[in-house]
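Dear colleague,

I am passing on a structure for you to look over. My notes on its aromatic pairs and salt bridges follow below.

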Amino acid sequence: MAADEPGADTAPTQGTASRTGTGAAPAHGDTGPRQAWGALPWLVRTAVLWSACLVVVVAGLYLVGRIAVLLAPLAIALAATVFLTALLDPVLLLLRRLRLPAALAALLTVLLLLGILVGVGALVWNLTASQFDQLSQELTQGVDRSRDFVTSTLPVTDAQLDRLIDQAREGLSGSSPDPVSGARTATEVLGSALLALVLLFFLLKDGRSMWHWVLSRVSGPNRPVAAEAGRAGWQTLGAYSRGTMLIAAIDAIGIGLALVVLRVPLALPLALITFLGGFVPIIGATVAGAVAVLVALAANGPTTALLTLAAVIAVQQIEGNLLEPLVMKRQVRLHPAVILVAVTAGTLIAGIAGAFVSVPITAVLWRVIDTVQRRRSAANGLLTA
């Protein structure tokens, strides 16, 4: 019996040891990465998490941008359709209040848009077609005057300047599209315009029923959040489109009047360029103002160019400090740094079209995310209470 006691004492010990050993190995394998992660400083863990989220978001946006570039005509048509729908929605609602059918109200809205575009185009062409020859001669004189100024003030000879001009001319001629690609581009632009008009009619006619259909596919407590976020995003896009158009029109009128007073040729086309540039915040207004100053320099000399520059700066300061806070709603306004980053990213991804749509997309996304976060914060506050 004494010989059996050690066995009786040691067997359970070995069994316990074996069980402990088999259970300890996976536990060590499970807790090892967790212990290593927990040993890191909180700042490093926060940086890793935010970096991973940023990489995922940037990769998703880049993928969407590349797909949009591959489907450029369709993407441009869709962006133009949504923008015009938000812009013309008040006109549609006004016609609907007059008890017009949805199809007739949408058709009249599209015809109104076409009438405005055709009328403005015909007016600009009739008023400026006779000035292009004069502008060509004045540009030639302006180039000669600029050559004399550069060679007299900078250590550059006429031969070096001619060499630089020839290199720039060769680069422009080498990068100019051939007739085949030009015809293809024109066909794509025409097709995108027609597609945008057709989609605009259907969105004006059935846009709200389409949105209700989308909401019906959202189940549970997420439906009110999705409805409020969509409503906030649509209101932001409408306020941005109408506010931007109003501010761009005021800028174009102000700069156009200054050009008329200073007797700068092609004042109406330059005002139209200013109006179009107003849809690209900061950068568009700067480029349009630079074009106006260059034309004034080429046509009437440096004094008129300086006066034009002063007028452009004055109009832009009034627009940025007085008109924009009054016209734009607070939820539409973005920080200038955010606008510059958005415009630059849109330009790098999709060129001029990307520069036009980058800021409204950023404003809508920010408004939607902010609405969802506020709803969740309110819900969490009610649960905590």
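To begin with two phenylalanines, Phe83 and Phe279 are both buried. Please keep in mind that this is a predicted model.

Aromatic pairs

The structure contains three aromatic pairs. In one of them, Phe83 and Phe279 meet edge-to-face, with 6.1 Å from centre to centre and 75 degrees between the planes. Phe83 belongs to helix H3 (residues 72-97), while Phe279 sits in the loop between helix H9 (267-277) and helix H10 (283-300), so this pair ties together parts that are 196 residues apart in sequence.

Phe279 also pairs with Phe275, again edge-to-face: the centres are 5.4 Å apart and the planes are at 85 degrees. The angle counts as edge-to-face because it is over 60 degrees. Phe83, Phe275 and Phe279 make up one aromatic cluster.

How do Phe275 and Phe279 fall, buried or partly exposed? Phe279 has a relative accessible area of 13% and is buried. Phe275, at 22% relative accessibility, counts as partly exposed, because the cut-off for buried is under 20%.

Salt bridges

The count of salt bridges is five. Arg375 and Glu228 form one of these, and their closest N and O atoms are 2.4 Å apart. Arg375 is in helix H12 (residues 336-384) and Glu228 is in helix H8 (residues 222-261), so the salt bridge ties together parts that are 147 residues apart in sequence. Both partners are partly exposed: Arg375 has a relative accessibility of 30%, and Glu228 has a relative accessible area of 22%.

Helix H12 also holds Arg367 and Asp370, which are three residues apart, or about one helical turn. Their side chains form a salt bridge at 3.8 Å, N to O. This pair qualifies because the limit is within 4 Å.

Asp370 has a further salt bridge, to Arg374, at 3.2 Å from N to O. These two residues are four apart in helix H12, which is likewise about one helical turn. Arg374 is partly exposed, with a relative accessible area of 40%. Through shared partners, the salt bridges join Arg367, Asp370 and Arg374 into one network.

If you open the model, I would start with the cluster of Phe83, Phe275 and Phe279, and then turn to the salt bridge between Arg375 and Glu228.

Regards

Key. Residues numbered from 1 in each chain as written. Predicted model: local features only at pLDDT ≥ 70, side-chain atom pairs only at ≥ 80, totals over all residues. Heavy atoms only, no water. Phe/Tyr/Trp six-rings, centres within 6.5 Å; stacked < 30°, edge-to-face > 60°. Buried < 20%, exposed > 50% of the residue type's maximum accessible area, 1.4 Å probe, protein only.
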